[in-house]
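Q: I'd like a close look at the salt bridges in this model and at the parts of the chain around them. Please talk me through it informally, one piece leading to the next.

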Amino acid sequence: MSGTTITTDILIIGGGPAGMAAAVAASESGRRVTIVDDNPRLGGQIWRAELGKNGSPDANKLLAALAERRIDLINNAQIFGTDRDRSLLAETGAGTITLGYNKLIVATGARERFLAFPGWTLPGVFGAGGLQALVKGGFDVSGKRILVAGTGPLLLVVAEYLRSKGAQIAAIVEQAPVSKIIRFGLGLWNAPAKLAQGLELRSRLAGIPYPKGSWIKSVRKTGEMLTAAISKGGRERQFECEYVACGFHLVPNIELPSLLGCSIVQGFVSVDEYQRSSIPTILAAGEPTGIGGVEAALIEGKIAGFASTDETRKAEALFAKRDRTSRFAESLKATFALRNELLTLAEAETFVCRCEDVTFGVLKDFNSWREAKLQTRCGMGPCQGRVCGAACEFLFKWHVDSVRPPIFPVKLENL
Ligand SMILES: Cc1cc2nc3c(=O)[nH]c(=O)nc-3n(C[C@H](O)[C@H](O)[C@H](O)COP(=O)(O)OP(=O)(O)OC[C@H]3O[C@@H](n4cnc5c(N)ncnc54)[C@H](O)[C@@H]3O)c2cc1C
């Protein structure tokens, strides 16, 4: 396969809800549509290995539509760069392939935000969505006591999932204040499906402590167990557990559109109402344009799919629905904004860049991400700043702007 060139009309990067919806919509035109994803299966973060098995009507509808259409799927392929106009490079198990396109839809999703606190790099401390992904892949948590902490609705989703797999949830520690959570809940009155979903989730988690305005301060290893210190109402509380699942909302994966020169505004790909980026041949859908959840990803994917094949009427018919999901994204952003107290968690010897072992004490003497990278190698390890970049943006208010090819580590022989 190495050295292969594949040419397609509509190339979609990302096989999550946004990419799948975009593919189905674009294929209505009869044009050649190709989805590329770095996982072995479609489904993205929410469905993953459980795609088609977990009873989600949205997922099942998309799977059926994908099966009916002529859509090419390239799994286990990671886009890492570009070699010329309208052409991307992907690393696969069998070497590098080149993908040519007329229109590109970027649907690369998001990742979790991690913040540095003492103990966050200990074995047993996971990203919340990361632990959920491991369990979806077969990792056994039955009988394990798990503390879920951080911020955002993903915490509840993960806690419920882990509980359904036999874990005992010690608590769900949410840093957003109770007043904001109440306002967020009241704001859902005009999104009845979401409200019902939220209430059902809460009822399944009944009895599990869910302190708001509370945050994780540190984790330390005590024998076989972990002890997590939580700040709650000015007091410290300790929780003993086997695992900590911790995530501070999501960060969009915008490395590819940044590399291709798309305009990025406040950390997201800037798109017009048709999901078109500042580059006429590139559209974007789902989390890279705003963290809005699965409904937003699906509707934006559809609009991008129709717009990429000039089916503007069909795209326009979906604008009102998309605008409602955009309002939800705005309210997520306001509700789960990180509080200033989290700026004080890292101690001098706390690692911020875990790939290159760079501590908070070393980083705080620099003035910019670029300067810190040059002097300390912060952000230059295998994760290429995907973890510490977002932490530094929050901790030091640095502008993390240096995207260079390859955007993922690639074997030398494939470069
Ligand atoms: C770890 C995690 C777990 C989550 N779990 C849930 C959950 O259980 N329930 C829920 O409601 N929401 C969950 N979310 C939020 C969920 O991702 C969104 O609500 C929404 O589904 C996003 O859809 P999307 O299509 O925009 O992105 P995604 O579903 O993230 O799909 C993007 C896809 O693009 C692929 N990709 C990215 N870059 C490249 C590249 N360079 N080359 C090839 N492929 C690439 C990714 O691997 C991924 O498969 C989770 C988010 C994260 C980060």
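A: **Salt bridges and their surroundings**

Let's start with Arg32, which counts as partly exposed at 33% relative accessibility. This is a predicted model, and side-chain atom pairs count only at pLDDT 80 or more. Arg32 makes a salt bridge with Asp72, with 2.9 Å between the closest N and O atoms. The two partners come from distant parts of the chain, 40 residues apart: Asp72 belongs to strand 3 (residues 71–74), while Arg32 is in the loop between helix 1 and strand 2 (33–36). Asp72 is partly exposed too, with a relative accessible area of 22%. Buried means under 20%, so Asp72 at 22% falls into the partly exposed class.

Helix 1, which comes before the loop of Arg32, makes a good contrast. All of it is hidden: 11 of the 11 residues in helix 1 (residues 17–27) are buried, so this helix is largely enclosed by the rest of the structure. The buried residues include Met20, Val24 and Ser27, along with Pro17 and Gly19.

How many salt bridges does the rule find in total? The count comes to 15. One of them joins Asp83 and Arg84, with the closest N and O atoms 3.0 Å apart. Asp83 is partly exposed, at a relative accessible area of 41%. There is also a network of salt bridges, linking Glu160, Arg163, Glu200 and Arg204.

For a pair that bridges two domains, we need the layout first. The chain is divided into domain 1 (5–111 + 251–333), domain 2 (115–248) and domain 3 (341–414). Between domain 1 and domain 2, 10 residues of the former and 8 of the latter take part in the contact. The C-alpha centres of these two domains are 29 Å apart. About 800 Å² is buried between domain 1 and domain 2, with carbon and sulfur atoms giving 58% of it. On the domain 1 side, the residues that lose the most area to domain 2 are Glu50, Glu295 and Phe328, together 49% of what that side buries.

Glu295 is worth a second look, since its side chain meets that of Lys194 in a salt bridge (3.1 Å, N to O). The rule finds 1 salt bridge across the interface of domain 1 and domain 2, plus 2 residue pairs in polar contact. On the side of domain 1 that touches domain 2, helix 2 (44–47) and helix 11 (319–335) each give two or more residues. That side divides into 5 nonpolar, 2 polar and 3 charged residues.

Now for the later stretch of the chain. Glu356 and Arg377 form a salt bridge, their closest N and O atoms 3.2 Å apart. Glu356 lies in the loop between strand 19 and strand 20 (358–359) and Arg377 in the loop between helix 13 and helix 14, so the pair ties together parts that are 21 residues apart in sequence. Both ends count as partly exposed, Glu356 at 25% relative accessibility and Arg377 at 40%.

After the loop of Arg377 comes helix 14, and there the picture flips. In helix 14 (residues 388–396), 8 of the 9 residues are buried, so the helix is largely enclosed by the rest of the structure. Its buried residues, among them Cys388, Cys392 and Phe394, pack against strand 15 (250–252), strand 19, helix 12 (360–363) and helix 13 (369–376). Just after helix 14, Lys397 takes a positive phi of about 60 degrees.

Phe394 also leads us back along the chain, since it is one of the residues that Leu342 touches, together with Leu115, Gln175, Trp215 and Phe248. Leu342 and Phe394 are 52 residues apart in sequence but 9.2 Å apart in space, C-alpha to C-alpha. Leu342 sits in the loop between helix 11 and strand 19 (351–353), and counts as buried at 1% relative accessibility.

Thr350 is in the loop between helix 11 and strand 19 as well, buried at 6% relative accessibility. A polar atom of the Thr350 side chain lies 2.8 Å from the backbone nitrogen of Glu347. The contacts of Thr350 include Phe117, Trp120 and Phe360.

Definitions and conventions: Residues numbered from 1 in each chain as written. Predicted model: local features only at pLDDT ≥ 70, side-chain atom pairs only at ≥ 80, totals over all residues. Heavy atoms only, no water. Buried < 20%, exposed > 50% of the residue type's maximum accessible area, 1.4 Å probe, protein only. Helix = DSSP H or I, 4+ residues; strand = E, 2+ residues; numbered from the N terminus. Domains from an automatic or database assignment. Contact = heavy atoms within 4.5 Å. Buried area = accessible area lost by both parts, 1.4 Å probe. Salt bridge = Lys/Arg side-chain N within 4 Å of Asp/Glu carboxyl O. Polar contact = N/O pair within 3.5 Å; in protein donor to acceptor, adjacent residues only side chain to side chain. Nonpolar A, V, L, I, M, F, W, Y, C, P; charged D, E, K, R; others polar. Lists of a residue's contacts leave out its neighbours within four places in sequence.
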